[in-house]
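Let's take a walk through this protein together, one piece at a time. Keep the picture in view and turn it as you read.

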Amino acid sequence: VESNTICFSGAISSCEKAGKWEKASEVLGVMAQKKAELDAIAFRAAMGACQHGGAWETVLQLISMMAQHEVESNTITFSSAVSACEKVGEWEKASKLFGEMVQSDVKLDITILSAAISACGKGCAWWKALQLLGTLPKVRVELDTIACNTVVSAC
C-alpha cells in the first residue's frame, strides 16, 4: 500500500490529539522523505501538536519548512507559532512573526495580536506591547476587552 498525504496527515492529527508532538514532527519528516505532498493540513496538525507540547522552536522550524516546500502560511499556522512563543515568553519571536503577518496577506485577528502582546508581557517588554497595540489602525483589528487587559497586564 502506497503511503499518501491523507494517511500521513491522519497520523499527524492522531499524534496531535494524543499530545505526541515529537511523533507528529517525525511523521512530517517521514512524509517529506517519502515525497508525499506536504500540505497546509499536515503542517497545521504538526504545529498544533508542537504548540500544545511547548515546542515553540519546532513550530518556528515548521514555518520555515513550509516556505521551503512552498506551502503557504495562513492565519492558523501563524497563530500557532505566535501562541507557542507566547506560552514561553519569547516576545521577540512572537513580535517578529506578527510583523511578518502584517507584511504578508495573512488575515490578522485580535487573538493573534493578544498573544503577541501577552508574549511581550511575559518577557517584560512592555514597550513592545504598546508598539504592537499601536498597529491596530494599520492592521484593521478591533480592540476588545481581553486585548485591553492583556496590554494592561504587559505594562
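In this predicted model, a good place to begin is the largest nonpolar core, which has 55 residues. Inside that core, the residues with the most contacts are Ile12, Leu28, Met31, Phe43, Leu62 and Phe98. We will follow two of these names, Leu62 and Phe98, into the helices around them.

Start with Leu62. You will find Leu62 among the buried residues of helix α4, and that helix covers residues 56-68. How far does α4 reach from its first C-alpha to its last? The 13 residues of α4 reach 19 Å, close to the 18 Å expected at 1.5 Å a residue. Besides Leu62, the buried residues of α4 are Trp56, Thr58, Val59, Leu60, Ile63, Met65 and Met66. As you look at such a list, a general point helps: an α-helix has 3.6 residues a turn, so residues three or four places apart point the same way. What covers the buried residues of α4? The cover includes α2 (21-33), α3 (40-52), α5 (75-87) and α6 (91-103).

Now step past the end of α4. The helix is followed by glutamate 70, which is found in the loop between α4 and α5. Phi of glutamate 70 is near 55°, and this is a positive value in a residue other than glycine. Is glutamate 70 buried or exposed? Its relative accessibility is 76%, so glutamate 70 counts as exposed.

One of the helices covering α4 is α2, and glutamate 22 has its place there. With a relative accessibility of 46%, glutamate 22 counts as partly exposed. Try finding cysteine 50 as well: glutamate 22 and cysteine 50 are 28 residues apart in sequence, while their C-alpha atoms are 7.5 Å apart in space.

Let's go back to the core and pick up Phe98. Leaving out residues up to four places away in sequence, phenylalanine 98 touches Val82, Leu108, Ile112, Leu113, Ala116, Leu132, Thr135 and Val139. Some of these names come back when we look at how the helices pack.

Take α6 and α7. The axes of these two helices come within 8 Å and cross at roughly 150°. That angle is over 145 degrees, which makes α6 roughly antiparallel to α7. The crossing is left-handed. On the α6 side, Trp91, Ala94, Phe98 and Met101 make the contact, and on the α7 side the partners are Ile112, Leu113, Ala116, Ala119 and Cys120.

Next, compare this with the pairing of α6 and helix α8, which spans residues 126-133. Here the axes come within 11 Å and cross at roughly 15°, so α6 and α8 are roughly parallel to each other. α6 passes α8 in a left-handed crossing. The residues in contact are Trp91, Ser95 and Phe98 of α6 with Trp127, Lys128 and Leu132 of α8.

What about α5 and α7? Their axes come within 8 Å and cross at roughly 20°, so these helices are roughly parallel to each other. The crossing of α5 and α7 is left-handed. From α5, the contact is made by Thr75, Ser79, Val82, Ser83, Cys85, Glu86 and Lys87, and from α7 by Ile112, Ala115, Ala116, Ser118, Ala119 and Lys122.

While you are looking at α7 (residues 110-122), find serine 114 within it. Is serine 114 buried or exposed? Serine 114 has a relative accessible area of 10%, and because anything under 20% counts as buried, serine 114 is buried. Apart from neighbours within four places in sequence, serine 114 is in contact with Ala147 and Thr150.

Finally, visit the loops on either side of α7. Aspartate 105 lies in the loop between α6 and α7, and at 84% relative accessibility this residue counts as exposed. Aspartate 105 and asparagine 4 are 101 residues apart in sequence and 30 Å apart in space, C-alpha to C-alpha. In the loop between α7 and α8 sits cysteine 124, which has a positive phi of about 60° although it is not a glycine. Cysteine 124 counts as exposed, with 58% relative accessibility.

Note on methods: Residues numbered from 1 in each chain as written. Predicted model: local features only at pLDDT ≥ 70, side-chain atom pairs only at ≥ 80, totals over all residues. Heavy atoms only, no water. Helix = DSSP H or I, 4+ residues; strand = E, 2+ residues; numbered from the N terminus. Expected span 1.5 Å × (residues − 1). Buried < 20%, exposed > 50% of the residue type's maximum accessible area, 1.4 Å probe, protein only. Contact = heavy atoms within 4.5 Å. Core = buried A, V, L, I, M, F, W, Y, C linked by side-chain atoms within 4.5 Å. Axes fitted to C-alpha atoms, helices over the stretch in contact; angles between N-to-C directions. Parallel < 35°, antiparallel > 145°, perpendicular 65-115°, else oblique. Left-handed = near helix turned anticlockwise from the far one by under 90°.
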